[in-house]
Amino acid sequence: HPRSWGLNPVLRPTAAMLLAAAPEQGVAHLLDEQGQVVRSFKDCRPGPRGLCTARAAVVSAEASRSFTHVWAGGKEQPQYRCQAPERLGPILATSDAAHVVGGAVSGKLYLWQLSTGRLLLAWNGHFRGVTALATVAADGYLVTAGEDAILHVWSFASLLSAAASDAAPPPRALRTWTAHTLS
């Protein structure tokens with residue numbers, strides 16, 4: 001539950017806002033419709049698709065190290081840092097801010113509980129690096145894409161079920177697409 005951090009709704013936009021990072025400067029900014037900085041987040045060096053929002057928090061996967069940072073409660077410095085088992089590429093928070101999914105350069109996928117930073121599940125999702133993540137149907141499904149040119153759809157309920165049981169088999173994709181062409 002996000003309250004375990006003492007999160008407040010400071011990031012809930014009342015109008016259109018943009019979250020943008022300048023990794024070489026180590027900072028991200030939340031900008032309003034006029035391009036004015038509303039809030040800054042220090043020590044932020046995400047890679048491509050390595051920055052996301054989760055209600056009252058901002059989450060970043062560092063480009064050059066295996067760390068994930070979480071900013072919350074209106075602070076410029078990260079509230080906490082989690083060391084991932086390996087360097088992550090894309091990162092995604094569920095719309096309810098309960099979970100974060102990260103895709104790694106190895107093809108592994110990682111699922112964390114956002115309020116605690118606890119790693120719930122790690123599984124082999126792709127043969128090569130993960131390049132994109134998305135949720136659909138009110139976070140009912142996780143869609144992943146990789147450098148292996150494979151697109152998977154995973155049931156979020158089955159991922160959470162696998163995370164809750166040590167004896168559960170590795171997650172299996174509900175649907176996989178492999179026949180892609182550029183046309």
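# Exercises on a predicted model

Of the 19 residues in the largest nonpolar core, those touching the most other members are V59, V70, L88, I91, V100, W112 and L114. The model behind these exercises is predicted.

## Exercise 1. The cores

Find which strands each supply at least two residues of the largest core, then look for a second core.

Solution.
- Step 1. Start from the core of 19 residues. The strands that each supply at least two of its residues are β4 (46-54), β5 (57-62), β6 (67-72), β7 (80-83), β8 (88-93), β9 (99-104) and β10 (108-113).
- Step 2. A separate core of 14 residues also exists, and V101, W123, V130 and L133 are among its members.
- Step 3. Go back to L88. Leaving aside neighbours within four places in sequence, L88 is in contact with A61, E62, T68, G102, G103, A104, Y110 and W112.
- Step 4. Set this against a general tendency: in soluble globular proteins, nonpolar side chains tend to be buried together.

## Exercise 2. The whole chain

Describe the protein by its helix and strand counts, its burial and its exposed area.

Solution.
- Step 1. Count the elements: 1 helix and 15 strands.
- Step 2. Check burial. Of the 183 residues, 45% count as buried.
- Step 3. Take the surface. About 9600 Å² is exposed, and carbon and sulfur atoms supply 52% of it.
- Step 4. Turn to contacts with a separation of 6 or more. Residues 24 or more positions apart account for 37% of them.

## Exercise 3. Salt bridges

How many salt bridges are there? Locate the partners of K42, R81 and R65.

Solution.
- Step 1. The count comes to 4 salt bridges.
- Step 2. K42 pairs with E76 at 3.1 Å, N to O. K42 lies in strand β3 and E76 in the loop between β6 and β7, so this pair ties together parts that are 34 residues apart in sequence.
- Step 3. Check the exposure of that pair. K42 is partly exposed at 37% relative accessibility, and E76 is partly exposed at 38%.
- Step 4. R81 pairs with D43, with the closest N and O atoms 2.5 Å apart. R81 sits in strand β7 and D43 in the loop between β3 and β4, so parts 38 residues apart in sequence are tied together. R81 is partly exposed, at 42%.
- Step 5. R65 pairs with E62, with the closest N and O atoms 2.9 Å apart. R65 is partly exposed, with a relative accessible area of 42%. E62 is buried, because its 4% relative accessibility falls under the 20% cut-off.
- Step 6. Look for shared partners. D43, R45 and R81 are joined into one network.

## Exercise 4. Positive phi

Locate D43 and A138, and give the phi of each.

Solution.
- Step 1. Recall the background: most residues other than glycine have a negative phi.
- Step 2. D43 has a positive phi, near 60°. D43 lies in the loop between β3 (37-42) and β4.
- Step 3. A138 has a positive phi of about 55°. A138 lies in the loop between β12 and β13.
- Step 4. Is A138 buried or exposed? A138 is exposed, because its relative accessible area of 78% is over the 50% cut-off.

## Exercise 5. T144 and its surroundings

Work out where T144 lies and what its side chain meets.

Solution.
- Step 1. T144 belongs to strand β13 (residues 141-146).
- Step 2. T144 is buried, at 0% relative accessibility.
- Step 3. A polar contact of 2.8 Å joins its side chain to that of H126.
- Step 4. Residues up to four places away in sequence are not counted here. T144 then touches L109, H126, A132, L133, I150, L151, H152 and W154.

## Exercise 6. A surface patch and an N-terminal strand

Which residues form a nonpolar patch with V136? Then place L18.

Solution.
- Step 1. Y141 and L174 join V136 in a nonpolar surface patch, with about 270 Å² of accessible area together.
- Step 2. V136 lies in strand β12 (residues 130-136). V136 is partly exposed, at 39% relative accessible area.
- Step 3. L18 is in strand β1 (residues 18-22). Beyond four places in sequence, L18 touches H29, L30 and L31.
- Step 4. Compare C-alpha atoms. L18 and G35 are 17 residues apart along the chain, and their C-alpha atoms are separated by 8.3 Å.

Note on methods: Residues numbered from 1 in each chain as written. Predicted model: local features only at pLDDT ≥ 70, side-chain atom pairs only at ≥ 80, totals over all residues. Heavy atoms only, no water. Patch = residues over 30% accessible without salt bridge, like charges linked within 9 Å, V, L, I, M, F, W, Y side chains within 5 Å. Areas by Shrake-Rupley, 256 points an atom, 1.4 Å probe, with all protein chains shown as cover. Salt bridge = Lys/Arg side-chain N within 4 Å of Asp/Glu carboxyl O. Helix = DSSP H or I, 4+ residues; strand = E, 2+ residues; numbered from the N terminus. Buried < 20%, exposed > 50% of the residue type's maximum accessible area, 1.4 Å probe, protein only. Polar contact = N/O pair within 3.5 Å; in protein donor to acceptor, adjacent residues only side chain to side chain. Contact = heavy atoms within 4.5 Å. Core = buried A, V, L, I, M, F, W, Y, C linked by side-chain atoms within 4.5 Å.
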